[in-house]
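Welcome, and please have your viewer open with the cartoon switched on. We will go from stop to stop, with something to select at each one.

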Amino acid sequence: MAHLRGEYLTFRLGNEEYGIDILKVQEIRSYEAPTRIANAAPCFKGVVNLRGVIVPIVDLRLKFGCDSAEYNSFTVVIVLNINGRVVGAVVDSVSDVLELPGEAVRPTPDMDASVDTHYITGIASLQERMLILLDIEALMGSSDMGLTGSMLDM
């Protein structure tokens, strides 16, 4: 798992903490209500204009089935650069940036075939914290996100 070492932006969704490769993060912004797009996937909240770029916004709390998706002063949008495209991910809060040594990362546990874990790259254990490491490109590129094809070309 040494290939997973590096710097990760950590964020919270409900009671869980996740990490994504810091190199995929363009910026962190406070949440603003996006313009809704009709007939979009439930986790797709709409689009915002970010300095002239139309950015699709995905609520990861809805994607991961969190109990509540309350918008408050801690709610932020992580603006990501995924394969040259800009997309926003709504999360409960951003924690910090951590440098993970390779020995802190464990492989994803084997799960039932009905649980989709292809976008989870590993689990990091740091003192009392468990961090779920995400392949944000695989997650945002999955067909159920509603961001394939023309949506990502906006």
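Helices here are DSSP runs of H or I with at least four residues, strands are runs of E with at least two, and both are numbered from the N terminus. With that naming, your first selection can be Arg-51, which sits in the loop between E4 and E5. Keep in mind throughout that this is a predicted model.

**The whole chain**

Zoom out for a moment. The chain holds two helices and eleven strands. Starting at the N terminus, the elements follow the order β-β-β-β-β-α-β-β-β-β-β-β-α. Of the 154 residues in the chain, 43% are buried. Among contacts between residues at least 6 apart in sequence, 56% join residues at least 24 apart.

**The E4-E5 hairpin**

Now go back to Arg-51 and show its neighbours. E4 and E5 make a hairpin with two residues between them, and Arg-51 belongs to the turn. Its phi is near 50°, a positive value in a residue other than glycine. Most residues other than glycine have a negative phi. Is Arg-51 buried or exposed? Arg-51 counts as exposed because its relative accessibility is 62%, above the 50% cut-off.

Select the two strands next. E4 and E5 run antiparallel and are joined by six bridges. One pair to highlight is Asn-49 with its bridge partner Ile-54 in E5.

**Across E5 to E7**

Stay on E5 and colour by accessibility. Five of the seven residues of E5 are buried, so this strand is largely enclosed by the rest of the structure. E5 also pairs with strand E7 (residues 85-91), here in the parallel sense, through three bridges. Pick Ile-57, and you will find Gly-88 as its bridge partner in E7.

**The cavity**

Keep Ile-57 selected, as it is one of the residues lining the largest cavity. A search of the whole structure finds one cavity of 30 Å³ or more. The largest cavity holds about 60 Å³ of space. To outline its walls, select Arg-29, Ser-30, Glu-32, Val-48, Leu-50, Val-55, Ile-57, Val-77 and Val-79. Strand E3 (25-30), strand E4 (44-50), strand E5 (53-59) and strand E6 (76-82) are the elements that each give two or more residues to this lining. Colour the lining by class and you should see six nonpolar, one polar and two charged residues.

**Thr-75**

Ser-30 leads to the next stop, since it is among the residues that Thr-75 touches. Thr-75 lies in the loop between helix H1 (60-63) and E6. Thr-75 is buried, with a relative accessible area of 2%. Its side chain reaches the backbone oxygen of Glu-70 at 3.4 Å. Other residues it touches include Tyr-31, Arg-61, Val-90, Val-91 and Asp-92.

**The six-stranded sheet**

Next, display the open sheet of six strands, ordered E8-E1-E2-E11-E10-E9 with mixed pairing. Its edge strands are strand E8 (93-100) and strand E9 (105-106), each of which pairs on one side only. E9 pairs with strand E10 (residues 120-126) in the antiparallel sense over two bridges. Select Arg-106 to see it opposite Ile-123 in E10.

**Last stop: Gln-127**

Follow the chain into the loop between E10 and strand E11 (129-134), where Gln-127 is found. Gln-127 has a positive phi near 45°, again in a residue other than glycine. With a relative accessibility of 76%, Gln-127 counts as exposed.

How values were computed: Residues numbered from 1 in each chain as written. Predicted model: local features only at pLDDT ≥ 70, side-chain atom pairs only at ≥ 80, totals over all residues. Heavy atoms only, no water. 1 Å grid on protein atoms, 1.4 Å probe; cavity = no way out; pocket = protein on both sides within 12 Å on 5 of 7 lines; lining within 4 Å. Points joined across faces, edges and corners; volume = space filled by probe spheres on them. Nonpolar A, V, L, I, M, F, W, Y, C, P; charged D, E, K, R; others polar. Buried < 20%, exposed > 50% of the residue type's maximum accessible area, 1.4 Å probe, protein only. Polar contact = N/O pair within 3.5 Å; in protein donor to acceptor, adjacent residues only side chain to side chain. Contact = heavy atoms within 4.5 Å. Pairing = 2+ DSSP bridges. Lists of a residue's contacts leave out its neighbours within four places in sequence.
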